[in-house]
Structures are given as C-alpha cells and as structure tokens.
Amino acid sequence: MCSLCRGVKTDLPGSPHTWSVGLDCCVVSDLAWPTLRDEVNASAGITDSIAAHGVRVLHNNANFASGESGAASTVGCLLAISRDARYHEALGLTSDSHVLVFNTEGVTDPVTTEQILEESGEDVVLHRDVTMHFADGAW
C-alpha cells in the first residue's frame with residue numbers, strides 16, 4: 001500500500017508482524033508493480049482486528065473456513081465500502097452496484113485460526129481499522 005500511496009515502488013525495512021501471513025510483505029514484486037501502479041484504483045490497509053473479525057464472520061455466518069489474509073480482504077473491504085459514504089463516492093458505487101470480492105485463502109495456520117474463533121472479543125469494527133487509498137487522489 002505504501003508504494004501505491006507514493007506512486008513509486010517502495011520496499012520497506014523489517015516486517016509488519018501481522019497474523020495475515022499472506023500480507024506480511026515489505027517488498028513489491030518487480031513483475032507486479034507496473035500492473036499495480038497502472039491498474040489499481042483503490043487499496044485498503046486492514047488491521048489484524050479486522051482480519052480476526054473477518055475470520056469469525058465468515059465462519060459463523062457463511063460456514064466458510066478462511067485464513068486471516070483472505071478474511072481481511074473479503075470482510076475488510078466490504079466493511080469499508082458499506083459503512084462510509086465517502087468510499088461509495090470515491091469508488092463510484094451506487095445502490096445498483098455489485099461488488100465481487102475473491103477470497104482465495106483457506107486456513108493456513110490452524111492454531112491461530114482456532115485462537116481467533118475462540119476469542120469472545122468485540123466484533124465492533126472502528127473506522128480507524130480500515131485505511132483506504134485511491135489512485136486518483138480522492139479521499
């Protein structure tokens with residue numbers, strides 16, 4: 001997301017240390033960067049609390065076993081666009097729009113997934129848990 005915000009391929013030092021191991025990356029692929037830079041209209045930064053919320057939502061409401069990365073993208077983006085009118089406007093969404101989200105990750109760490117499912121943590125997701133960036137500079 002840092003590269004998309006800056007408009008320049010940006011590698012970050014260290015590791016973000018996240019449950020979402022599939023997103024635990026600080027280096028953008030040289031092969032993928034031109035496509036990401038030129039074709040991505042919006043991106044979202046999702047916290048681990050959103051990922052955990054997503055794992056529980058998908059498990060409890062859709063009987064779908066998802067890993068943290070898949071749940072973060074699926075539920076995080078849907079939460080962002082469903083709860084904030086600014087995102088609707090920036091993405092050009094209307095009441096007639098359809099949003100397709102792919103979740104291509106099953107459970108990759110059964111121990112962490114079980115811990116998340118056993119948590120009784122509040123599934124109240126705050127606006128600060130999702131950060132959006134738009135390629136055209138919109139909100």
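**Group meeting talk: helix packing, core and cysteines**

Let me start with the contacts. Take pairs of residues in this protein at least 6 apart in sequence that touch: 70% of those contacts join residues at least 24 apart. Keep in mind that this is a predicted model.

Now the overall layout. The protein has 6 helices and 2 strands. Along the sequence the order is α-α-β-α-α-α-α-β. There are 139 residues, and 29% of them count as buried.

On to the packing of two helices. Helix 3 covers residues 48-62, and helix 6 covers residues 110-118. Their axes are 9 Å apart, at an angle of about 80°. That angle makes helix 3 roughly perpendicular to helix 6, because 65 to 115 degrees counts as roughly perpendicular. Who makes the contact? From helix 3 we have Ala52, Val55, Arg56 and His59. From helix 6 we have Thr113, Ile116 and Leu117. By type, the residues of this contact divide into 4 nonpolar, 2 polar and 1 charged.

Stay with threonine 113 for a moment. This residue sits in helix 6. Buried or exposed? Threonine 113 has 6% relative accessibility, so it counts as buried. Leaving out residues up to four places away in sequence, threonine 113 touches Val55, Ser66, Glu68 and Val107. Val55 is also one of the helix 3 residues in the contact with helix 6.

Next, the core. In soluble globular proteins, nonpolar side chains tend to be buried together. Here the largest nonpolar core has 8 residues in all. They are Ile50, Ala52, Val55, Leu58, Ala71, Val75, Leu79 and Ile116. Helix 3 and helix 4, residues 68-83, each supply at least two residues of this core. Which helix gives the largest share? Helix 3 does, with 4 residues.

Two core members deserve a closer look. First, leucine 58. Not counting residues up to four places away in sequence, leucine 58 touches Asn63, Phe64, Ser66, Ala71, Thr74, Val75 and Asn103. Ala71 and Val75 in that list also belong to the core. Then leucine 79. Leucine 79 lies in helix 4. Its relative accessibility is 12%, so leucine 79 counts as buried. Leucine 79 and glycine 54 are 25 residues apart along the chain, and their C-alpha atoms are separated by 9.6 Å.

Back to a contact of leucine 58, asparagine 63. Asparagine 63 is in the loop between helix 3 and helix 4. With a relative accessible area of 70%, asparagine 63 is exposed. Look at the backbone here. The phi of asparagine 63 is near 50°, a positive value in a residue other than glycine. Most residues other than glycine have a negative phi.

Last topic, the cysteines. How many disulfides does the model have? The count comes to 0. Take cysteine 2. The nearest cysteine sulfur belongs to cysteine 5, 6.8 Å away, and cysteine 2 is in no disulfide. Why does cysteine 5 make no bond to cysteine 2? The sulfur of cysteine 5 is 6.8 Å from that of cysteine 2, its closest cysteine sulfur, and a disulfide needs the sulfur atoms within 2.5 Å, so the distance is too far for a bond. As for accessibility, cysteine 2 is at 22% and counts as partly exposed. Cysteine 5 has a relative accessible area of 43%, and is partly exposed too.

That's the tour. Questions welcome.

Definitions and conventions
Residues numbered from 1 in each chain as written. Heavy atoms only, no water. Axes fitted to C-alpha atoms, helices over the stretch in contact; angles between N-to-C directions. Parallel < 35°, antiparallel > 145°, perpendicular 65-115°, else oblique. Contact = heavy atoms within 4.5 Å. Nonpolar A, V, L, I, M, F, W, Y, C, P; charged D, E, K, R; others polar. Core = buried A, V, L, I, M, F, W, Y, C linked by side-chain atoms within 4.5 Å. Buried < 20%, exposed > 50% of the residue type's maximum accessible area, 1.4 Å probe, protein only.
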